[in-house]
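Here are my notes for someone coming to this one for the first time. Have a look at the picture, then read the points in order.

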Amino acid sequence: MSDSLSRDDAEATVRSALRGFAPAADLADLAADAPLRATLDLDSLDFLTFVERLTTATGIRIDESDYPNLATIHTCVEFLATRA
């Protein structure tokens, strides 16, 4: 991916990475500050799949210590936009 990632592009990437974990309508309506794991009922394997999708889409390395930054769409966007 490019050297920078706009917040709009980061949000689109996050929402795309969440596809399959909930119906499309639910993802479209998902508030940016909703806790992802609880709201979408993501188990550990689902969350790791989500992290892998983000890494593949952005090329950004995401370590386990970064996981708290992936709690909501908003925090994911901030993390990706500042790391790109």
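**Notes on the model**

1. Let's start with Arg7, which is partly exposed, its relative accessible area being 43%. Keep in mind throughout that this is a predicted model. Which residue does the side chain of Arg7 meet in a salt bridge? The partner is Glu78, with 2.9 Å from N to O. This pair ties distant parts of the chain together, since Arg7 sits in helix H1 and Glu78 in helix H5, 71 residues apart. Glu78 is partly exposed as well, at a relative accessible area of 27%.

2. Stepping back to the whole chain, you'll find 5 helices and 0 strands. Read from the N terminus, the order of elements is simply α-α-α-α-α. The radius of gyration is 12 Å, close to the 12 Å from the globule rule for 84 residues, so the chain is as compact as a globular protein of that length. Along the principal axes, the C-alpha atoms fill a box of roughly 30 × 25 × 20 Å.

3. How much of the chain is buried? Of the 84 residues, 37% are. On the outside, the chain exposes about 4,900 Å², and 49% of that comes from carbon and sulfur atoms. As for contacts, take those with a separation of 6 or more: 56% of them join residues 24 or more positions apart.

4. Helix H1 deserves a close look. Running over residues 7–17, H1 has Ala10, Thr13, Val14, Arg15 and Ala17 as its buried residues. What covers them? The cover includes helix H2 (24–29), helix H4 (44–58) and helix H5 (73–83).

5. Thr13 is a handy example from H1. Why is Thr13 counted as buried? Its relative accessibility is 12%, and buried means under 20%, so Thr13 falls on the buried side. Beyond its neighbours within four places in sequence, Thr13 is in contact with Leu54, Ala57 and Thr58.

6. H1 also has a salt bridge of its own, between Glu11 and Arg15, where the closest N and O atoms are 2.9 Å apart. The two are 4 residues apart in helix H1, so about one helical turn separates them. There's a general point behind this: an α-helix has 3.6 residues a turn, so residues three or four places apart point the same way. Buried or partly exposed, where does Glu11 fall? Glu11 is partly exposed, with a relative accessibility of 28%, whereas Arg15 is among the buried residues of H1.

7. Now for Ile73, in helix H5. Ile73 counts as buried because its relative accessibility is 1%. Which residues does Ile73 contact, leaving aside neighbours within four places in sequence? The list is Glu11, Val14, Arg15, Leu18, Leu30, Ala31, Ala32, Ala34 and Leu36. Note that both ends of the Glu11–Arg15 salt bridge turn up in that list. By contrast, Asp63 is 10 residues from Ile73 along the chain, and their C-alpha atoms are separated by 18 Å.

8. On to the nonpolar core. As a general rule, nonpolar side chains in soluble globular proteins tend to be buried together. Here the largest nonpolar core has 25 residues, and Val14, Leu18 and Phe50 are the ones that touch the most other members. H1, H4 and H5 are the elements that give two or more residues to this core. H5 gives the most, with 5 residues.

9. What does Phe50 touch, if residues up to four places away in sequence are not counted? The answer is Val14, Ala17, Leu18, Phe21, Leu36 and Cys76. Val14, Leu18 and Leu36 also appear among the contacts of Ile73.

10. One last pair is worth a look. In general, side chains of opposite charge can pair when their charged atoms come close. Asp66 and Arg83 form a salt bridge, with 3.4 Å between the closest N and O atoms. It links distant parts of the chain, with Asp66 in the loop between H4 and H5, Arg83 in helix H5, and their positions 17 residues apart. Asp66 is buried, with a relative accessible area of 10%, while Arg83 is partly exposed at 40% relative accessibility. The structure holds 4 salt bridges, Asp66–Arg83 being one of them.

Technical notes: Residues numbered from 1 in each chain as written. Predicted model: local features only at pLDDT ≥ 70, side-chain atom pairs only at ≥ 80, totals over all residues. Heavy atoms only, no water. Buried < 20%, exposed > 50% of the residue type's maximum accessible area, 1.4 Å probe, protein only. Contact = heavy atoms within 4.5 Å. Core = buried A, V, L, I, M, F, W, Y, C linked by side-chain atoms within 4.5 Å. Rg over C-alpha atoms; globule rule 2.2 N^0.38 Å. Areas by Shrake-Rupley, 256 points an atom, 1.4 Å probe, with all protein chains shown as cover.
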